[in-house]
Amino acid sequence: MTEQQEQMLAQLNPSQREAVEYCDGPALVIAGAGSGKTRVLTYKIAYLLSLGYQPWSILALTFTNKAADEMKLRIARLLGDRDVASRLWMGTFHSVFLRILRYEHENTGFASNFTVYDAADSKSLVKAIIKKLQLDDKQYKPGVVQTHISNAKNQLVTAEEYVGNPENLMADQRSKMPAIGQIYKRYSDRLRQANAMDFDDLLLHTYLLFKEHPEVLQKYAEKFHYILVDEYQDTNFAQHQIVQQLGSVHQRVCVVGDDAQSIYAFRGANIDNILSFNRIYADSRLFKLEQNYRSTKNIVNAANSLIHKNQGQIPKNVFSEKEQGERIAVTEAYSDIEEAQIVTRKIIELNHHEDIPFSGFAILYRTHAQSRVFEEALRKQGLPYRIYGGLSFYQRKEVKDVIAYFRLTVNPDDEEAFKRILNYPARGIGQTTLQKIVDAATAFNVSLWSVVCQPLSYQLNVSKATLTKIENFRLMMDRFRQMALVNSADVVGQNIMKESGVVQDIYSDMTPEGKARQENLEELMNGLSEFVDSRREEGETNVGLTDYLSEISLLTDLDSKEGANEERVTLMTIHSAKGLEFDTVFVVGLEENLFPSQLANSSMREMEEERRLFYVAVTRAERHCFLTYAKSRLRYGKMEFGNPSRFITDIDPQFLNFHASVRSTKKSSRYDDVELPWAPRPRFNAQPRRSEPTTVQMPPRPAEPRFKPVRPSASAAAAASSQGRLQVGVRIEHQRFGFGEVLKVEGTGDNTKATVAFQNAGTKQLLLKFARFTIIG
DNA sequence: CCTCTTAAACTTTTT
DNA sequence: GTTTAAGAGG
């Protein structure tokens with residue numbers, strides 16, 4: 001063993017070390033909450049590299065981009081100057097498979113420029129099909145049908161197989177939706193027609209690709225000498241099978257997970273995947289990480305007593321060696337509004353007396369709808385906060401519209417994009433005409449775009465005037481495509497914005513809502529420019545719209561890097577909080593029918609998942625954990641009265657402290673404010689009232705020119721002058737990545753490249769020609 | 001074909 | 001209470 005390896009392994013506890021060192025075959029690592037799961041994964045990858053594994057032969061799969069980014073960052077830091085993190089195959093299941101599917105598209109029957117439909121696109125398509133089949137959308141609710149289709153795909157059942165199996169029809173008849181098979185079949189046909197895949201297809205088609213083309217599977221199974229999977233308890237059948245396919249040659253598969261934290265069964269995650277791992281990989285070894293490094297003894301013990309109420313789990317003994325800590329405080333509030341006030345007050349108090357920064361607080365709730373009251377309370381007190389989740393930036397109407405132009409430019413057959421923009425901005429092609437186009441397309445089994453190209457051959461029956469309008473639309477899109485052939489994504493994007501008339505439409509609206517939309521589009525265009533710049537700096541020459549769309553199609557709000565390091569209170573659902581930790585956690589809304597959700601009442605299985613969700617919530621806390629519930633709450637605009645959640649009594653009372661709120665005994669109105677007995681700490685700027693009903697706080701941008709002018713070669717002059725002084729060891733400040741140190745300089749002239757380790761952004765390769773930074777010594 | 005008004009549905013959780 | 005769908009009128 002080399003000294004470097006010894007040094008690295010010395011930083012692990014004995015069980016972590018065992019898990020890292022065992023590299024000869026399949027391994028299952030059961031990692032309790034806060035036990036250093038990510039640490040094991042990153043050290044294991046670093047260790048593999050030190051053994052001589054090539055970075056591109058290691059595949060590491062996660063569920064969120066955030067987890068993947070975090071791991072890359074930590075590996076880069078661990079390895080120091082070896083710039084290999086970027087060459088690892090690391091990412092979410094969906095993003096890695098998207099990459100493979102694009103590369104191997106010839107064997108999938110899709111063109112390489114296929115679109116990824118988001119959930120809204122899928123739903124809209126399902127809805128259109130239900131309508132087309134003249135089914136009652138009360139009986140066939142699009143969302144419910146979509147879930148059925150999604151479940152089938154996650155079980156790797158294709159539409160053909162679904163229709164071919166009479167059992168499915170019988171099951172669907174029992175649920176009063178016998179036509180689901182028919183809808184599923186038509187749905188897949190239309191996706192193929194549109195050259196598009198939905199989220200589930202990224203898994204299903206990867207599986208099919210490998211199954212139907214053994215030679216392709218062989219290539220990847222040989223390529224990946226080691227496969228690591230994070231959060232294995234959340235994998236569904238499809239993911240489980242693909243991992244098995246890819247591991248078939250080398251059998252070196254290491255999965256990490258915690259059955260107690262399985263919270264995605266509703267989405268098809270199968271806890272059996274982790275429970276049956278030992279059976280599938282005959283000679284697999286089991287490692288358990290049981291020491292929790294995150295939370296106080298009290299929190300860990302409370303969580304243990306809670307999860308003990310669940311049946312059937314892998315036995316483990318999670319323990320903490322940290323201080324005992326205080327008991328978990330349970331507080332009753334009179335109303336949801338008072339609940340928010342209590343939490344806000346407590347945050348101010350802890351911030352004041354214990355110097356806990358605002359970023360050390362998290363308010364965790366079961367549903368997004370609960371965020372609003374907390375948002376208002378925090379704003380009233382001038383506390384900085386950030387709400388995660390809900391409508392992401394890319395799902396806002398105006399943003400989706402522009403993205404639809406990009407999508408249709410890249411993929412003419414994209415139906416959902418087509419429908420979105422055919423008459424936006426208004427160009428006199430209405431619902432009736434669209435319906436005719438759709439009908440013609442379905443009749444001839446072609447895409448909507450094909451109909452527009454040859455309206456006569458597809459017997460499109462519209463007036464002469466309408467035909468001209470359609471023709472103009474077609475010509476415009478063709479211009480965009482010509483442009484996209486030779487220009488980079490930012491240039492094309494700017495042009496599309498202007499020529500499509502979107503800019504004119506949005507900027508003619510001077511209402512506050514209109515202003516907000518303008519800001520969002522500026523944000524979008526800035527993001528596009530940044531994307532192109534950053535790809536260029538990394539040496540990519542042709543950064544097209546396809547690249548950009550691939551990047552953003554799989555992004556969620558949680559992945560936005562902006563404001564991540566700011567001093568703000570975090571508000572999020574418990575689901576999004578998985579994997580995170582905070583000094584102080586408030587778990588709110590602990591009422592029957594809210595948490596646990598009333599929908600979980602029907603089965604034990606669902607109730608246990610809710611309990612695991614609560615377990616996840618409590619174990620996010622390092623030092624303080626507070627539980628609150630409200631006796632009354634406004635829901636659907638109506639006042640409801642609830643009872644405390646059963647989960648509170650699931651925790652052994654020796655770990656709890658019960659409080660009734662001071663005010664709930666007094667007569668109080670829902671609307672008056674709580675007077676604070678102390679002055680709050682320095683106030684931060686309150687967030688401006690959002691004019692859009694979204695739950696995302698986008699960081700305010702400094703006043704800038706409307707759209708950043710496109711820079712063909714950034715600040716080439718500045719770069720050239722600094723180039724001479726740029727050498728190993730020099731510290732720089734990059735416009736976007738922040739402070740970093742130069743590790744390597746190679747190449748000459750325009751091709752000079754520098755490898756820079758940034759404090760917060762990881763190690764990046766910068767092409768000096770494009771990079772914007774200043775040398776600081 | 002567009003836009004304004006009114007009615008109904010909505011809330012789990014997300015890649 | 002909020003957002004989307006449908007229907008009437010221009």
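In this predicted model, a polar side-chain atom of Ser-576 sits 3.3 Å from a phosphate oxygen of DNA strand B. Two further polar approaches to the strand are set beside it in the table.

| Residue of chain A | Part of the residue | Part of DNA strand B | Distance |
|---|---|---|---|
| Ser-576 | polar side-chain atom | phosphate oxygen | 3.3 Å |
| Gly-428 | polar backbone atom | phosphate oxygen | 3.3 Å |
| Arg-267 | N or O atom in the side chain | sugar or linking oxygen | 3.2 Å |

Two elements, helix H21 (431–444) and helix H28 (574–577), each give two or more residues to the surface near DNA strand B. In total, 24 residues lie around the strand, and Arg-366, Thr-432, Thr-433, Thr-556 and Leu-599 come nearest. Sorted by class, this surface has 12 polar, eight nonpolar and four charged residues. Which parts of the strand does the protein meet? Of the strand's atoms within 4 Å of the protein, 64% belong to sugar or phosphate, and the rest belong to bases.

**The chain as a whole**

Let us step back to chain A. It holds 32 helices and 23 strands. Of its 777 residues, 55% count as buried. Among contacts between residues at least 6 apart in sequence, 77% join residues at least 24 apart.

**The nonpolar cores**

In soluble globular proteins, nonpolar side chains tend to be buried together. Here, the largest nonpolar core has 64 residues, and Phe-97, Phe-210 and Leu-246 have the most contacts inside it. Helix H11 (residues 199–212) gives the most to this core, with seven residues. For a closer look, take Phe-210: leaving out residues up to four places away in sequence, it touches Ile-100, Val-216, Leu-217, Tyr-220, Ile-242, Gln-245 and Leu-246. Apart from this core lies another, of 53 residues, including Ala-417, Ile-437, Met-525 and Leu-549.

**Helix H29 and a loop beside it**

Next comes helix H29, which covers residues 604–618. Its 15 residues should span 21 Å at 1.5 Å a residue, and its end C-alpha atoms are 21 Å apart, so expectation and model agree. Is the helix mostly covered or mostly open? It is mostly covered, with 12 of its 15 residues buried. Among the buried ones are Glu-608, Arg-611 and Arg-612, and those three residues are touched by Asn-310, not counting residues up to four places away in sequence. Asn-310 itself is found in the loop between helix H16 (297–307) and strand S10 (319–320). Its relative accessibility is 7%, which is why Asn-310 counts as buried, the limit being under 20%.

**A tyrosine in another loop**

Tyr-53 has its place in the loop between helix H3 (37–50) and strand S2 (58–62). Because its relative accessibility is 16%, Tyr-53 also counts as buried. What does Tyr-53 meet, once neighbours within four places in sequence are left aside? The residues in contact are Cys-23, Leu-48, Ile-58, His-225, Tyr-226 and Arg-252. With one of these, Arg-252, the side chain of Tyr-53 makes a polar contact of 3.2 Å. Another of them, Tyr-226, is 173 residues away from Tyr-53 in sequence, yet the two are 8.5 Å apart in space, C-alpha to C-alpha.

Note on methods: Residues are numbered from 1 along each chain as its sequence is written. Chains are lettered from A and ligands numbered from 1 in the order in which they are written. This is a predicted model: local features need pLDDT of at least 70, side-chain atom pairs count only at pLDDT 80 or more; totals for chains, interfaces and linings use all residues. Side-chain values use heavy atoms; hydrogens and water are left out. Helices (H or I, at least four residues) and strands (E, at least two) are DSSP runs, numbered from the N terminus. The expected span of a helix is 1.5 Å times one less than its number of residues. Buried means under 20% relative accessible area, exposed over 50%, partly exposed in between (1.4 Å probe, protein chains only). A residue is near a molecule or strand if one of its heavy atoms lies within 4 Å of it. A polar contact is a pair of N or O atoms within 3.5 Å; within protein, one must be able to donate a hydrogen and the other to accept it, and residues adjacent in sequence count only if both atoms are side-chain atoms. Ala, Val, Leu, Ile, Met, Phe, Trp, Tyr, Cys and Pro count as nonpolar, Asp, Glu, Lys and Arg as charged, and the others, Gly among them, as polar. A nonpolar core is a set of buried Ala, Val, Leu, Ile, Met, Phe, Trp, Tyr and Cys residues joined through side-chain atoms within 4.5 Å. Contact means heavy atoms within 4.5 Å.
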